[in-house]
Every structure is written in C-alpha cells, then in structure tokens.
Amino acid sequence: MAYMPGGGAPAPGVAPVGSQYCVCKVELSVSGQNLLDRDVTSKSDPFCVLFTENDGRWSEYDRTETAVNNLNPAFSKKFVLDYHFEEVQKLKFALFDQDKSSTQLEEHDFLGQFSCSLGTIVSSKKITQPLLLMNDKPAGKGLITIAAQELSDNRVITLSLVGRKLDKKDLFGKSDPFLEFYKPGGDGKWMLVHRTEVIKYTLDPVWKPFTVPLVSLCDGDMEKPIQVMCYDYDNDGGHDFIGEFQTSVSQMCEARDGIPREFECINPKKQKKKNYKNSGVIILRSCKINRDYSFLDYILGGCQLMFTVSHEFAINFNPTNPFCSGVDGIAQAYSACLPHIRFYGPTNFSPIVNHVARFAAQATQQQTATQYFILLIITDGVISDMEETRHAVVQASKLPMSIIIVGVGNADFAAMEFLDGDNRTLRSHTGEEAARDIVQFVPFREFRNAAKETLAKAVLAELPQQVVQYFKHKNLPPTNSEPA
C-alpha cells in the first residue's frame, strides 16, 4: 500500500516524503457479546486486557474499565497503539470477570480470549470473532468485537457539560447521572465513543471536562450526528434511562464566548404523555477544538498535504496508460515514484489480485490459447487481509492467471506458504475450494547467494504446468502467440 498526495501525480515542488519512516496511531474499541456468566447471584463483571507479543512473550499493554453485571459490555476505555505496517504486531484480547479489587489476573475468572495481528484489525476496520478458552474450545457463545480508528487527525475536542432538573429515578434518593456519547458505525449501529463519570445523588450534575480525539467522536466530520444518552447509574448494572438527544460538532461549537448551548433530554416513551416537556436539560458550557501533536508520530515539514491511501495504483501515475516497457521500464517507473509516496499500512493483497483477475476474466471469451496473465508480488511477508486474499485467489483459480510471490527478508512467511497450495487444496473462508493451484511462493533468502538463474528457475517452476492445465481444462487449442 502507498500513501500519495491527493491520490494522483506528485505536485510540483512537493518535498520528497518516501524516505520518511511512517508510523501511525490506532485506537481500538472493544465490546463483548453473550459472555460467560461466572457469578452465582448476578451476572459477570467483565473487563478486557490487551496483551502484546514481543520475542515470543506476551506482556500486558493496558486494560479497560469493569462493566458491572453485564454480559454484553461496550467498554469506554480505548486502546491506543503505534501501528507499524511493515511488522506483524500480534495482539491478544482476554476478558475476565472481576471478583476482587486485586490487579492480579489470577484472582479473577477467565471469560475467554481472542488473538490476531493489529494489521488484521486495521485492514478490516471492524471484526467480530468467537472467544476461546485456554484449551481453544469455544467460551460458550461469547463474542468479541474490535473496531479500529486511525488517529490521522490531530485535532482534539474538549467538552464541559452540566445537567439541570434531570428526572428523579431512585426511590429513596435522586439520581446518579452519567452520559454516553455515540457515533454512527459503518454497520449502521451506534458505536460508543465516551462515557462520563457518575455524579452521585443529584438532578443537577456537573461533569468534569473531558477531551477526546475529534476523529474518535465524529470521524473528523463536523456535521456527523452524535447521539448522547443520559442514564441513572445502578449498582446492579441495570442503569435507568433518563433521556437522549442528537447533535453534531458544528452545533456544539456554538457553545463559546461564555454562551452555553442547551439540549433538551428527551425520553421517547414519555413523549406520549400529556404535558410532557422533557426529562431535563443538558447544558454544554464550552466546546473547544485544538491540535494535539502528541497524537502524531510525524509532521510533514513545511507543507500541508492531503494524502490518499491506495492498494493499487499506477507507479507511473498515469492510470489511463499504466504500462511500462520491459523490466527496465518497471524499474525506472518504480524509482521515479518512490520520492512521492509513503509506504503505508495495512498491506492488503486482495485488491491487486482482484485487479489482475478482472483482466483475466475478459480473456475467458478467447477461442484459442492466446492470453494468460501472471501477477508477480514481491513482499516482506506481512499480509493484513488474509481472508479476503484467500477468497480472491480461489476465484482467480478459475481464470487464465497465475500468481508468483517472492518473499524478501526474514519475516514469517507462513501466510504466503498457506496460499501456495502445494500440500493441500486452498479454500476460501466460505469453504469453496480452488479450482487449481495458481500460487507459487519462493523465499528470496534461500537464493541470496545463488546464481540468478537458480532463482528464476524456482520462480517459474510451476508456471508451465499451470498454463497447460488451464487451457487443457478449457479445451482451447494452442497458438504461436506469446502469453500476456
């Protein structure tokens, strides 16, 4: 993948950025569904612990708050990590039922865990997977959902809120109100962004000012709707709903210069009642947007550029005529484009496989064996969209094309070897089998000191058989034309 100015050709006078090392911060939101119930008289009180792997050893990175008496928690605490797209960053999410005030995990009941790479989450943006016990058996029907948000915008928003005349929910007291802020998710569901602290025994709460990344609250879109929910906290986890309202950052920004912005807190069920006005008022005293450079790992020196992430682009920056003349032409175009792009993650293979497959699909109407396409991928072994790539390769196995993968460096190439179906039939995540083996993987490190002819022989070893196998299966007669 590359990060390009404006998604097109390099702008005149733009300073080279290809040599800058690129790291970005990623924010992970975690929620659980149908967790195991480990408590006898109530439900589990889950919290999530994130572990990172380094040199084969797992260490705790951070943990969320505890969700009291809740088998379907949405944790307000986010995990923020540095994402190095060129590395395989292994993560493990483990959920526990809090039984004691101890910070020692062995003092709490284990609810299940899930492991994957950070690149997998960033590539998918949101994943839902079953939780497993220590013996790799399912943790009941427990699921974990992890959503990734790249903190590419260094603006932060600080909000100061109070409540006035909120509904009384406690029989022998007032209310213990807190607020939850949600934004629309990609799946059409509301996604928890922030939860305030609980203010005890009052109908006129004053919450502490809080700061969140603007991209976390609204994806940087000042007009995107924001749902605010007000609850009365209960110790048993069954929080009483007080009311809600919708707003946007642009509306909240009206609270400035000492002029607050008021929002009526509405309970839709009570709106049917005669003389119902509201369930209280939430007052936004101030809304400030600033830049926090601690959220960024690099700053482009002297210029501000809008970048576009691309998994497939013409390295000559000419999408209408992306062709190069021979190997020398490819090398020249590659060298010319390097100063104007930034290598970036995640590393997705499926877009380029599907891109070549579209060319190959057009050739399926040929009456003779005239066109066969070969995709060469040179990689460091990191692949972020394994499920999508498996599916793309299985579909491509029906077309006149082959894929040659050359692994460079000392990375773990297990994913590449898995795609090379020499020892087993490759299947997509849906269970569909590949029509034939079209992938050849060669680790370059095994040929580093060998003659170049030896590497070429290994790279092309399976290609003749793959070409013949396809055209024989299609009953297409050979021609004297060279393959595409």
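This report describes the overall build, the strand pairing, one surface patch and the salt bridges of a predicted model.

**Overall build**

The chain has 484 residues, of which 46% count as buried, and its secondary structure comprises nine helices and 22 strands. Along its principal axes the C-alpha trace spans about 90 × 60 × 45 Å. The chain exposes about 25,500 Å², and carbon and sulfur atoms supply 52% of this area. Among the contacts in the chain with a separation of 6 or more, 70% are accounted for by residues 24 or more positions apart. Glycine 173 and glutamate 453 give a sense of distance within the model, since these two residues are 280 residues apart in sequence and 84 Å apart in space, C-alpha to C-alpha. Glycine 173 itself lies in the loop between strand S10 (155-164) and strand S11, and with a relative accessible area of 23% this glycine is partly exposed.

**An open sheet of four strands**

Four strands, in the order S12-S11-S14-S15, form an open sheet with antiparallel pairing. Its edge strands are S12 (190-195) and S15 (240-247), each of which pairs on one side only, and neighbouring strands of the sheet are turned against each other by 30 degrees on average, direction ignored. Within this sheet, strand S11 (residues 177-184) is joined to S12 by five bridges, and the two run antiparallel; at one position of this pairing, lysine 183 stands opposite methionine 191 in S12.

**Strand S9 and its partners**

Strand S9 (residues 138-150) pairs with strand S2 (residues 24-33) in the antiparallel sense over eight bridges. Strand S8 (residues 126-132) also pairs with S9 in the antiparallel sense, in this case over six bridges. Alanine 147 in S9 appears in both pairings: serine 29 stands opposite this alanine, and lysine 126 stands opposite it as well. The hairpin of S8 and S9 has five residues between the strands, and in this hairpin aspartate 136 takes a positive phi near 70 degrees.

**Strand S20 and a nonpolar patch**

In a regular strand, side chains alternate between the two faces of the sheet. Strand S20 (residues 373-379) shows such an alternation, with Phe373, Leu375, Ile377 and Thr379 pointing to one face and buried, whereas Ile374, Leu376 and Ile378 point to the other face and are not buried. S20 pairs with strand S21 in the parallel sense over seven bridges, and isoleucine 374 stands opposite serine 402 in S21. Isoleucine 374 is not counted as buried because its relative accessible area is 40%, which makes this residue partly exposed. Isoleucine 374 and leucine 463 are 89 residues apart in sequence but 8.9 Å apart in space, C-alpha to C-alpha.

Two further residues of S20 take part in a surface feature: Leu376 and Ile378, together with Val408, make a nonpolar surface patch of about 290 Å². Valine 408 is placed in the loop between strand S21 (401-407) and helix H7 (414-419), and its relative accessible area of 37% makes this valine partly exposed.

**Salt bridges**

A search of the whole structure finds 17 salt bridges, including the three in the table below.

| Basic residue | Acidic residue | N to O distance |
|---|---|---|
| Lysine 77 | Aspartate 62 | 3.0 Å |
| Lysine 270 | Aspartate 167 | 2.8 Å |
| Arginine 261 | Glutamate 254 | 2.9 Å |

Lysine 77 forms a salt bridge with aspartate 62. This pair links distant parts of the chain, 15 residues apart, with lysine 77 in the loop between strand S4 (57-63) and strand S5 (79-83) and aspartate 62 in strand S4. Lysine 77 is partly exposed at a relative accessible area of 33%, and aspartate 62 is partly exposed at 24%.

The side chains of lysine 270 and aspartate 167 meet in a salt bridge. This pair also links distant parts of the chain, 103 residues apart, with lysine 270 in the loop between strand S16 (261-264) and strand S17 (281-291) and aspartate 167 in the loop between S10 and S11. Lysine 270 counts as partly exposed at 22% relative accessibility, whereas aspartate 167, with a relative accessible area of 14%, is buried, because buried means under 20%.

Arginine 261 forms a salt bridge with glutamate 254; the arginine counts as partly exposed at 23% relative accessibility, and glutamate 254 is partly exposed at 45%. Elsewhere, Glu65, Glu180 and Arg195 are joined into one network by salt bridges that share partners.

Notes: Residues numbered from 1 in each chain as written. Predicted model: local features only at pLDDT ≥ 70, side-chain atom pairs only at ≥ 80, totals over all residues. Heavy atoms only, no water. Pairing = 2+ DSSP bridges. Axes fitted to C-alpha atoms, helices over the stretch in contact; angles between N-to-C directions. Patch = residues over 30% accessible without salt bridge, like charges linked within 9 Å, V, L, I, M, F, W, Y side chains within 5 Å. Areas by Shrake-Rupley, 256 points an atom, 1.4 Å probe, with all protein chains shown as cover. Salt bridge = Lys/Arg side-chain N within 4 Å of Asp/Glu carboxyl O. Buried < 20%, exposed > 50% of the residue type's maximum accessible area, 1.4 Å probe, protein only. Contact = heavy atoms within 4.5 Å.
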